[in-house]
Amino acid sequence: ALAAVTACSLMGSTTSSGYWANHADITRRHAGLTFSISNTFATIPGVVAGPLTAAIVHATGGSWFPVFALAAAINVVGACIYLRFANAHCVL
């Protein structure tokens with residue numbers, strides 16, 4: 001389990017460099033603004049995750065499998081959306 005968590009953390013952190021650099025690629029003058037707006041929206045899942053996880057575990061009688069399945073599905077969908085729409089063309 002520790003190896004799986006470590007591997008997931010490593011794979012998740014490898015995306016940060018491309019994500020952070022994409023703001024500067026999209027708009028050089030307003031990279032800070034676009035990053036702050038996206039970071040504000042990215043905080044919402046962190047606030048919702050704790051209570052939602054507790055509700056799912058409670059509703060499934062203590063099973064964590066649905067929590068991890070939901071997290072995996074969200075990651076796969078997010079990666080597909082990013083791969084579909086991300087580009088490095090200067091917009092502004």
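**A predicted four-helix model**

Thr27 sits in the loop that links helix H2 (16–26) to H3. The model examined here is predicted. Within it, Thr27 has a relative accessible area of 1%. This residue is therefore buried, since the cut-off for burial is under 20%. The Thr27 side chain also makes a polar contact: it reaches the backbone nitrogen of His30 at a distance of 3.3 Å.

Burial is uncommon across the chain. Of the 92 residues in the protein, 8% count as buried. The fold contains four helices and zero strands. Read from the N terminus, the order of elements is α-α-α-α. The overall dimensions were computed from the C-alpha atoms. These atoms fill a box of roughly 50 × 25 × 20 Å along the principal axes. The radius of gyration is 16 Å, whereas a compact globule of 92 residues would have a value near 12 Å.

Helix H1 covers residues 2–13. Its 12 residues should span 16 Å, because each residue is taken to contribute 1.5 Å and the expected span counts one less than the number of residues. The C-alpha atoms at the two ends of H1 are 16 Å apart, in agreement with that expectation. None of this helix is buried: the count is zero of 12 residues, so H1 lies largely in the open.

Helix H2 includes Ala21. The relative accessibility of Ala21 is 36%, and the residue therefore counts as partly exposed. The limits for this class are 20% and 50%. Ala21 was also compared with Ala31. The two residues are 10 positions apart in sequence, and their C-alpha atoms are 9.1 Å apart in space.

The surface carries a nonpolar patch. Its members are Leu33, Ile37, Phe41, Ile44, Val47, Val48, Leu52, Leu70 and Ile74, and together they have about 850 Å² of accessible area. Two elements give two or more residues each to the patch, namely helix H3 (31–59) and helix H4 (65–85). H3 supplies the largest share, with seven residues. Leu33 is one of the patch residues, and its place is in helix H3.

Gly46 is likewise found in helix H3. Its relative accessible area is 57%, so Gly46 is exposed. The cut-off for this class is over 50%. Gly46 and Ser9 are 37 residues apart in sequence, with a C-alpha to C-alpha distance of 16 Å.

Taken together, these values describe an all-helical chain with four helices and zero strands. The buried fraction is 8% of the 92 residues, and Thr27 is buried. On the surface, the nonpolar patch draws seven residues from H3.

Notes. Residues are numbered from 1 along each chain as its sequence is written. This is a predicted model: local features need pLDDT of at least 70, side-chain atom pairs count only at pLDDT 80 or more; totals for chains, interfaces and linings use all residues. Side-chain values use heavy atoms; hydrogens and water are left out. Patches are made of residues with over 30% relative accessible area and no salt bridge: like charges are joined within 9 Å, nonpolar side chains (Val, Leu, Ile, Met, Phe, Trp, Tyr) within 5 Å. Accessible areas come from the Shrake-Rupley method with a 1.4 Å probe; for residues, only the protein chains shown count as cover. A salt bridge is a side-chain nitrogen of Lys or Arg within 4 Å of a carboxyl oxygen of Asp or Glu. Buried means under 20% relative accessible area, exposed over 50%, partly exposed in between (1.4 Å probe, protein chains only). A polar contact is a pair of N or O atoms within 3.5 Å; within protein, one must be able to donate a hydrogen and the other to accept it, and residues adjacent in sequence count only if both atoms are side-chain atoms. The radius of gyration is taken over C-alpha atoms; the globule rule is 2.2 Å times the number of residues to the power 0.38.
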